[in-house]
Amino acid sequence: MDTLPVELLRLIYSYCDLESVPNLRAASTTLAEVGYEYLLSPYFTSLNWRDDIDRLHNIAHHEKLRGSVRSVNIFLGQLSYYDAWSTSWAAHFVAPPEERTELMADARAEFDKIATGRKKVGPLHLRADDLREAFSALPNLRDLEVSFAQCPSTLNNKFIQEAFYWPNCRKLDRQETYQNLDAVMLAQHGLKLSSFKVDRLPLEVFRLANHRSHWFTHAQSFHSLSSLNLTLDPSGLQGPTSAFRSVNGLGRILQLASNVTHLKLAFHPYSSEHSKFALSFGALLLNFTFTQLTDLILEGISCDEEDLKEFLGRHGATLRRLRLGGRGLAKPFEASHGGIHLYEGTFRSLFTGLSTRLPKLERMHLEGIFECEHQDLPTHETYNFYPLTDEDWEEVPKPRWVRSSRKTISCLPFEQYVLHGGLYPGGNVLLQQDD
């Protein structure tokens, strides 16, 4: 095989899984040389109970391996042991006693292993310099994700995976989280990232002067982003002044990502899972426009119809795909929570306005509970939409929690109304409930 062209050897390697690559490299010196770049997956996951930062640091300083890493996911999630244990016990209550006992024993061992590992490794912010040095030495790093709520696929324990599906089982040390996120921001400073994602970002971090300043200084590199995905947790806010300052700080960060084509803003209030966060787009962004925005997701907000309509209308020249609402903090058996609440205006007026203000819109998706204020008026609207597609616009099967008693409906008639006009579906769509 040494006589084959390098391009053909690369093609062979492209069909190998990670476990097969070392065996193929052992076949000859030429195959060993060509196969260096296939030893590692381009997706690196750092778990907070393993010393993965050291491993990433070593890879970053290996001349032939450092070019392999294109995406880094830093997992910082924690579980509340009591809540996770209780939830798992209830979920497997009907299982045979022997099976349930074995599962819970494995779960306890895995949980103890993780807890011991976290104490040994220590918090991420103590390794801030190592993380920054590693990131700066990865020439092809383009995607960075910080995860708190999504269990990593590399973890094969059923108990841990199931527990992370339940929002009440997730634990967050807010002070430590501020410092860990500061370390991530410091590490990505100066990089030309394409995407940045955080799935549980304490909103109050933008109120605290030192953290707010730190983010603004090191988020200057957001100018290169094409995708920004932020799920914010407003549970730590205390009063309207705190909320206003936090939203103002968030807006300053968002404006640094002036070239994004894909933007997601979701609000998950862990202290009140069914509530929506009151948001003024005027206070958040003033009159700022993302001039290249094609895909937008807004979830878990309570807003004024005119304010929302004006914000969306400013992006009418580029916006092609719009998702309003989402899964929110719903438990596995519950209908989606992350809808939209209008404290002024109606959805009829909103969707009618969007049909003229978004001329390039190709897709619209609604998910969760949509409700407007003034329940005693004839104009009151409330809908409970189940998902038809995921955030990549791939079709998903109808969830098992969809049933007529919940009055869950499809958003398709509303999408057709916004894209093509016709009669407004309104309350009549409730008559087309899915059994």
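This section describes two helices, a central group of strands, one buried residue and the internal spaces of a predicted model.

Helix α7, which spans residues 128-136, has A128, L131, A134 and F135 among its residues as buried positions. Seen down the axis of α7, these buried residues fall within an arc of 130 degrees, so they line one face of the helix. This arrangement agrees with the general geometry of such elements, since an α-helix has 3.6 residues a turn, so residues three or four places apart point the same way. On the other side of α7, D129 and S136 are exposed, whereas the cover over the buried residues includes α4 (52-60), β2 (71-75), β4 (143-147) and α9.

Helix α10, formed by residues 209-218, shows a comparable division into faces. Its buried residues are H211, R212, H214, W215 and H218, and they lie on the same side of α10 because they cover an arc of only 160 degrees around the axis. The exposed residues A209 and N210 are carried by the face of α10 that is turned away from this buried side. The buried residues of α10 pack against α9 (174-188), β6 (195-202) and α11 (240-256), and α9 is also included in what covers the buried residues of α7.

Helix α11 contains V247, which counts as buried because its relative accessibility is 6%, a value below the limit of 20% that is applied to buried residues. When residues up to four places away in sequence are not counted, V247 touches F277, L279, A283 and L284. The C-alpha atoms of V247 and L419, which are 172 residues apart along the chain, are separated by 32 Å.

Strand β14 has seven of its ten residues buried, so it is largely enclosed by the rest of the structure. Its pairing involves β12, β13 and β15, as set out here in turn. Strands β12 and β14 run parallel and are joined by five bridges, with R321 standing opposite R363 in β14. Strand β13, which comprises residues 340-344, also runs parallel to β14 and is joined to it by two bridges; in this pairing, L342 stands opposite C372 in β14. By contrast, β14 and strand β15 (residues 382-385) run antiparallel and are joined by four bridges, and F370 stands opposite Y383 in β15.

The largest pocket holds about 1400 Å³ of space. It is lined by 40 residues, of which Y165, R170, R327, G328 and A330 are the closest to its centre. The elements that give two or more residues to this lining are α8 (158-164), β6, β7 (227-233), β10 (295-299), β12 (321-325) and β14 (363-372), so that the paired strands β12 and β14 both appear in the list because each meets that condition. By class, the lining of the largest pocket has 16 nonpolar, ten polar and 14 charged residues.One cavity of 30 Å³ or more is also found, and about 40 Å³ of space lies in the largest cavity. The residues that line the largest cavity are F267, H268, P269, E273, S275, G300, G328, L329, H337 and G338, and by class this lining has three nonpolar, six polar and one charged residues. G328 therefore belongs to the lining of the cavity under the distance rule for lining residues, and G328 is also among the residues closest to the centre of the largest pocket.

Methods
Residues are numbered from 1 along each chain as its sequence is written. This is a predicted model: local features need pLDDT of at least 70, side-chain atom pairs count only at pLDDT 80 or more; totals for chains, interfaces and linings use all residues. Side-chain values use heavy atoms; hydrogens and water are left out. Buried means under 20% relative accessible area, exposed over 50%, partly exposed in between (1.4 Å probe, protein chains only). The arc is that of the directions from the helix axis to the C-beta atoms. Contact means heavy atoms within 4.5 Å. On a 1 Å grid over the protein atoms alone, a cavity is a set of points where a 1.4 Å probe fits but cannot get out, and a pocket is an open set with protein on both sides within 12 Å along at least five of seven lines; lining residues have an atom within 4 Å of a point. Grid points are joined across faces, edges and corners, and a volume is the space filled by probe spheres set on the points. Ala, Val, Leu, Ile, Met, Phe, Trp, Tyr, Cys and Pro count as nonpolar, Asp, Glu, Lys and Arg as charged, and the others, Gly among them, as polar. Two strands pair if DSSP finds at least two bridges between them.
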